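The exercises below are meant to be worked with the sequence and the model side by side. Try each task before reading the solution that follows.

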Amino acid sequence: MERACENCAVVDDELVLVRRVYVTPESWDRPASYQVVDEPELWCISCCSQYPYELVEDDEPADDEPAG
């Protein structure tokens, strides 16, 4: 079964589990902000090199795996 990047949809065998990060720079009328999305996604290396993310650690359970 082919797997595709959940960000750009390119088919790739080497995908990594990440959490998307939204970064808003500081402006004259608002402070900078940093928001991490809870749901992990599979991303290709290209997307990881272009967009902010946090790597999901190996010891964290995936959403479809029971914890414990």
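**Exercise 1.** In this predicted model, determine which side chain makes a polar contact with the side chain of Arg 20, and describe the surroundings of Arg 20.

*Solution.* Begin with the contact itself: the side chain of Arg 20 reaches the side chain of Asn 7 in a polar contact of 3.0 Å. Next, place Arg 20 in the fold, where it belongs to strand β1, residues 16-24. Then take its accessibility, which is 18%; because buried means under 20% relative accessible area, Arg 20 counts as buried. Finally, list its contacts beyond four places in sequence, which include Glu 6, Asn 7, Gln 35, Val 36, Glu 41, Trp 43 and Pro 52.

**Exercise 2.** Find the strands that pair with β1, giving for each the sense of pairing and the number of bridges.

*Solution.* Take the partners in turn. With β2, residues 33-36, strand β1 forms an antiparallel pairing over four bridges, and within β2 the residue Ser 33 is the bridge partner of Thr 24. With β3, the pairing is again antiparallel and runs over three bridges; here Val 18 stands opposite Glu 41. With β4, residues 53-55, there are three bridges in the antiparallel sense, and Leu 55 serves as the bridge partner of Val 18. Val 18 therefore has a partner in β3 as well as one in β4.

**Exercise 3.** Which residues make up the largest nonpolar core, and which elements give two or more residues to this core?

*Solution.* The largest nonpolar core holds eight residues, namely Cys 5, Leu 15, Val 18, Leu 42, Trp 43, Cys 44, Cys 47 and Cys 48. Sorting them by element shows that β3 (41-43) and α1 (45-50) are the ones that give two or more residues to this core. To follow one core member further, look at Cys 48, which touches Val 16, Val 18, Trp 43 and Tyr 53 when residues up to four places away in sequence are not counted.

**Exercise 4.** Count the aromatic pairs, and classify the one formed by Trp 43 and Tyr 51.

*Solution.* With ring centres required to lie within 6.5 Å, the count comes to two aromatic pairs. In the pair of Trp 43 and Tyr 51, the ring centres are 6.3 Å apart and the planes stand at 75 degrees, so the pair is edge-to-face, planes over 60 degrees apart being counted in that way. The two partners can then be set beside each other in accessibility: Trp 43 is buried, with a relative accessible area of 1%, whereas Tyr 51 is partly exposed, at 42%. Together with Tyr 53, these residues form one aromatic cluster.

**Exercise 5.** Examine Glu 14 and Ala 9 in the segment before β1: is each of them buried or exposed?

*Solution.* Glu 14, in the segment before β1, has a relative accessible area of 58% and is exposed. Although Glu 14 and Cys 44 are 30 residues apart in sequence, their C-alpha atoms are 6.6 Å apart in space, and the contacts of Glu 14 beyond four places in sequence are Trp 43, Cys 44 and Ile 45. Ala 9 lies in the segment before β1 too, and at 55% relative accessibility Ala 9 also counts as exposed. As a last step, inspect the backbone: most residues other than glycine have a negative phi. Ala 9, which is not a glycine, has a positive phi of about 75 degrees.

Terms used. Residues are numbered from 1 along each chain as its sequence is written. This is a predicted model: local features need pLDDT of at least 70, side-chain atom pairs count only at pLDDT 80 or more; totals for chains, interfaces and linings use all residues. Side-chain values use heavy atoms; hydrogens and water are left out. Rings of Phe, Tyr and Trp (its six-membered ring) pair if their centres lie within 6.5 Å; planes under 30 degrees apart count as stacked, over 60 as edge-to-face and the rest as tilted. Buried means under 20% relative accessible area, exposed over 50%, partly exposed in between (1.4 Å probe, protein chains only). A polar contact is a pair of N or O atoms within 3.5 Å; within protein, one must be able to donate a hydrogen and the other to accept it, and residues adjacent in sequence count only if both atoms are side-chain atoms. Contact means heavy atoms within 4.5 Å. A nonpolar core is a set of buried Ala, Val, Leu, Ile, Met, Phe, Trp, Tyr and Cys residues joined through side-chain atoms within 4.5 Å. Two strands pair if DSSP finds at least two bridges between them.
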